[in-house]
Amino acid sequence: MAAAEYFLAVGTANKDVSVYDIRKMTQPFFVRNSGFAHHIRSICWVQDNTGYAVASSEGRVAVEFVTSSNKAFSFKCHRVPKSETNTMLVYPINALGVHPKYGTLATGGSDGTVCMWDIESKKRISKLQLPCSAQTVAFSAEGSKMAIGCSCNGDGGVEDKVKGDNVYLYMPKEIDVKLNPSLPPVK
């Protein structure tokens, strides 16, 4: 669930997103299917609260716009190639967060990484490696700090190098959270 101004977005068990106008909660403003085959793990508002992003256990993020004419899209992330079988190992995306200054989307996954994405260009800007699965991600109000909650959640993610629940505080540099069009995207 995520709240923004007058809207509340709720990810449901049947893989829908119900958006409510909190001034009249009698029924949803609209309901849209996430398009995921598996359940929704996280939801957050993006781009000046004009849309929302949802993350799934199938390693995908979908971005849908509510109050603008931008087209919805989805992308795959938190995947690691398995060279011996020429396949991809797909990790759940557990957490989403948005940088308050640049609108950059942070995704935290069971692969033990937090990735930063520029939503407009659909490019990954940076990738932070952690010693355990990322479960939550949150930015400070001015965006100078990012808190990451990590723990082993038993979903087949990265083998945790630390035990128990841990919170990491990261001070992102501008290059970590703001797209530089002259640089190639991070692989």
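Is L8 buried or exposed? In this predicted model, L8 lies in strand 2 and has a relative accessible area of 14%, which places the residue among the buried ones because the limit for that class is under 20%. The surroundings of L8 can be described by its contacts. Beyond its neighbours within four places in sequence, L8 touches M1, A2, A3, S18, V19, Y20, I22, M25 and W45. D21 offers a further reference point: 13 residues separate L8 and D21 in sequence, while their C-alpha atoms are 6.5 Å apart in space.

The chain as a whole provides the setting for this residue. Its secondary structure consists of 1 helix and 17 strands. The radius of gyration is 16 Å, close to the 16 Å given by the globule rule for 187 residues, so the chain is as compact as a globular protein of that length. Along the principal axes, the C-alpha atoms fill a box of roughly 50 × 35 × 35 Å. Of the 187 residues, 47% are buried. Among contacts with a separation of 6 or more, 40% join residues 24 or more positions apart.

The surface and the charges complete this general view. The accessible surface of the chain is about 10000 Å², and carbon and sulfur atoms account for 53% of that area. The chain carries 21 positive and 17 negative charges, whose mean positions are 5 Å apart.

A second buried position is I43, in strand 5 (residues 40–46). Its relative accessible area is 9%, and I43 therefore counts as buried. Leaving aside neighbours within four places in sequence, I43 is in contact with M1, A2, A9, V10, G11, V17, Y52, A53, V54 and L96. One of these contacts, A53, is 10 residues from I43 in sequence and 5.6 Å from it in space, C-alpha to C-alpha. M1 and A2 appear among the contacts of I43, and they also appear among those of L8.

Burial also occurs in a loop. S57 is situated between strand 6 (51–56) and strand 7 (60–65), and its relative accessible area of 18% makes it buried. Apart from neighbours within four places in sequence, S57 contacts H38, H39, R41, Y91 and P92.

Strand 13 gives an example of burial along an entire element. How many of the residues of strand 13 are buried? The count is 6 of 6, and the strand is mostly covered. In a regular strand the side chains alternate between the two faces of the sheet. In strand 13 both faces are covered: T113, C115 and W117 are buried on one side, and V114, M116 and D118 are buried on the other.

Strand 13 has partners in strand 12 and strand 14. With strand 12 (residues 105–109) it pairs in the antiparallel sense over 4 bridges, and L105 stands opposite W117. The hairpin of strand 12 and strand 13 has 3 residues between the strands, and G112 takes a positive phi near 80° there. The pairing of strand 13 with strand 14 is also antiparallel and comprises 6 bridges; here C115 has K127 as its bridge partner. These two strands form a hairpin with 4 residues between them.

The turn of that second hairpin contains K122, which has a positive phi of about 60° although it is not a glycine. Most residues other than glycine have a negative phi. K122 lies in the loop between strand 13 (113–118) and strand 14 (123–129) and, at 49% relative accessibility, is partly exposed.

Positive phi values are also found at E5 and N86. E5, likewise not a glycine, has a phi of about 50° and is located in the loop between strand 1 (2–4) and strand 2 (7–11). At 62% relative accessibility E5 is exposed, because the limit for that class is over 50%. N86 belongs to the hairpin of strand 9 and strand 10, which has 4 residues between the strands, and its positive phi is near 55°. Strand 9 (residues 79–82) and strand 10 (residues 87–90) run antiparallel and are joined by 4 bridges. Within this pairing, P81 has M88 in strand 10 as its bridge partner.

Terms used:
Residues numbered from 1 in each chain as written. Predicted model: local features only at pLDDT ≥ 70, side-chain atom pairs only at ≥ 80, totals over all residues. Heavy atoms only, no water. Rg over C-alpha atoms; globule rule 2.2 N^0.38 Å. Buried < 20%, exposed > 50% of the residue type's maximum accessible area, 1.4 Å probe, protein only. Contact = heavy atoms within 4.5 Å. Areas by Shrake-Rupley, 256 points an atom, 1.4 Å probe, with all protein chains shown as cover. Lys, Arg positive; Asp, Glu negative; His and termini not counted. Charge placed at Lys NZ, Arg CZ, Asp CG, Glu CD. Pairing = 2+ DSSP bridges.
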